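I opened the model to look up how one chain is put together and how a single loop residue in another sits among its neighbours. My entries follow.

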Amino acid sequence: MTTKVTGLEIAHAIEQQFPDAVAEAQPEFAVVKPERLVDVLTWLRDDADHAYKFLSSLTGVDRIEWLEVVYHLESIKHNRATVIKVRSEDRESPSVPSVVPVWAGAQLQEREAYDLLGIRFEGNPDLRRIFLWDGFAGFPLRKDYLNMPGGQMPGLERFPGEPGVPLSGRGTE
Amino acid sequence: MTIKSEPFVVNVGPQHPSTHGVFRLRLTLDGEKILDADMVMGYLHRSMEKLAEERTYTQNIPFTDRTDYLAAMTGNLAYVMAVEKLMEIEVPERAQWLRTIMAELQRIASHAMAVGIFANDCGAWQTPVMHMFRDREKILDLFEMACGARLTLNYMRIGGVSKDIPDEWLPQAHRLLKDLPKRFAEYEDLLLNNEIIVARSRGVGVLTADQAMAYSVSGPMLRASGVAWDIRKADPYAAYDKLDFDIAVGTNGDVYDRFVVRLAELRQSLHMLEQALDMMPAGPVHERIGTSTVQPWGQAVAPLAFRPPVGETYARIESPRGELGYYIVSDGGPAPFRFHIRSPSFINLTPLKLMSVGSTVADAIVILGSIDIVVGEVDR
């Protein structure tokens, strides 16, 4: 069985090597500060005790207060998996460092996250829209997408983030 | 005298027999040599990840059929596993075995298609693919008996499977398993040392083990590069931990090895099915959860809507194309807050440029065929 390295364990290991690189640690994941992200991930890839050479998945989430990018890392050598996150509080022009220099496999996945969530990956060599066309208004996976100019307005009240409806997560009522 | 030529741009697709769907490859050529390969995708983008945020967890199961439409069972399985992980549901033993059996049957159907279409790309026009379709058809018949559908199956449910197999299913499956080894031997005779296939695919599109890992390539492509990584072994799910099988591994990481790995996996899937059909216990096929209803004949039916606890989860399986993962974030509501599909077809395309630059146009077609993409899963 793949050992799930908890966020607390991985955060502790990162803290040993890079003091104050960890912003938050939860049982499921560890949040790394954007400015130290590439250093931390390069170390996690190259260090023999971790050897996270395989980037399993990269995706973005709109958490309403902030946007975050989630990295699922896999160590084929040790059969371990862990989750690292990085956050951007700026909804207007969110940006995080690109991890393409660390794992080339992030290339298309970063383009997808940029296309659908509008997160800019600084340093990505080819950051273009991938599924939608150039000039598409807004980023559809944002929770406030329907407020975007040119966005669809189906007029259904169950859609979150319509004009006049405060932006909130569902299930909180 | 050297002739100077200007780079020339050729669009392969979106409608082209060898793009396996509506996928466009923009090749910049110098004569026959590829200088640059750019992928244009999104022709089949249906925004499933956004749509899923407006539907309940049970209503999202049919979407997972329509991502990888050649392997709907594995799509279902990865998604329901993710939700079960989120809600901490224990699935009954028989349902676990049924899931394993269906996933392996689906792998045979999908690999048969992949190998047949690959032979098509190499120039063996239609004969191998029709042979493969003959077997795939028998497997689709079994799916039809089990759940009434052949392509978009919608068989798995959160907490089990939709219904138990009918009495006639097992004898027919056993008959198929008796037939298949002969067929596979025939295909191996026909294709494995076929001069044209060897000439078209040996040493083409090489990915080393390190490159394959760095590019997040998974499934038969990763194994063809010599990395013995199979989630069925490394992180067993359903009933795979009780089955005996080997991981098919290549050595050169070229197009030919990918093809050989797929053929070898057909044999391994058969071996697993032979064990699984005999080991499957009797019992319920669906766990009662929350507001489940129970049919008059005692079978539980998944509730249409329920609210998992706040949290997030990532569940992955070995689909015929590689690591298929579902990342689901729950905010405690009846619909997922975020629904992300880690699709192997999409991510396996990342090294396409690396593999095809420097080779010829004909090689690019074979390389694309060896990745075995399903555009429904690339674009989602």
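**Chain A, overall**

I looked first at contacts in chain A, where residues 24 or more positions apart account for 40% of those with a separation of 6 or more; two residues are in contact if their C-beta atoms, placed from the backbone, lie within 7 Å. I noted that this is a predicted model, in which local features need pLDDT of at least 70 and side-chain atom pairs count only at pLDDT 80 or more, while totals for chains, interfaces and linings use all residues. Residues are numbered from 1 along each chain as its sequence is written, and chains are lettered from A and ligands numbered from 1 in the order in which they are written.

Chain A has three helices and eight strands, taken as DSSP runs (helices H or I, at least four residues; strands E, at least two) numbered from the N terminus. I read their order from the N terminus as β-α-β-β-α-β-β-β-β-α-β. Of its 173 residues, 43% count as buried, that is, with 20 or more other C-beta atoms within 10 Å of their own (exposed is 12 or fewer, partly exposed in between).

**Helix α1(A)**

In α1 of chain A (residues 7-17), I found G7(A), I10(A), A11(A), A13(A) and I14(A) buried. Seen down the helix axis, these fall within an arc of 160°, so they line one face of α1(A). Their cover includes β2 (22-25), β3 (30-32), α2 (37-46) and β6 (80-88) of chain A.

**N154(B)**

I placed N154(B) in the loop between α5 (127-147) and β4 (156-157) of chain B. N154(B) counts as partly exposed because it has 19 C-beta neighbours inside 10 Å.

Note on methods
Arc of directions from axis to C-beta.
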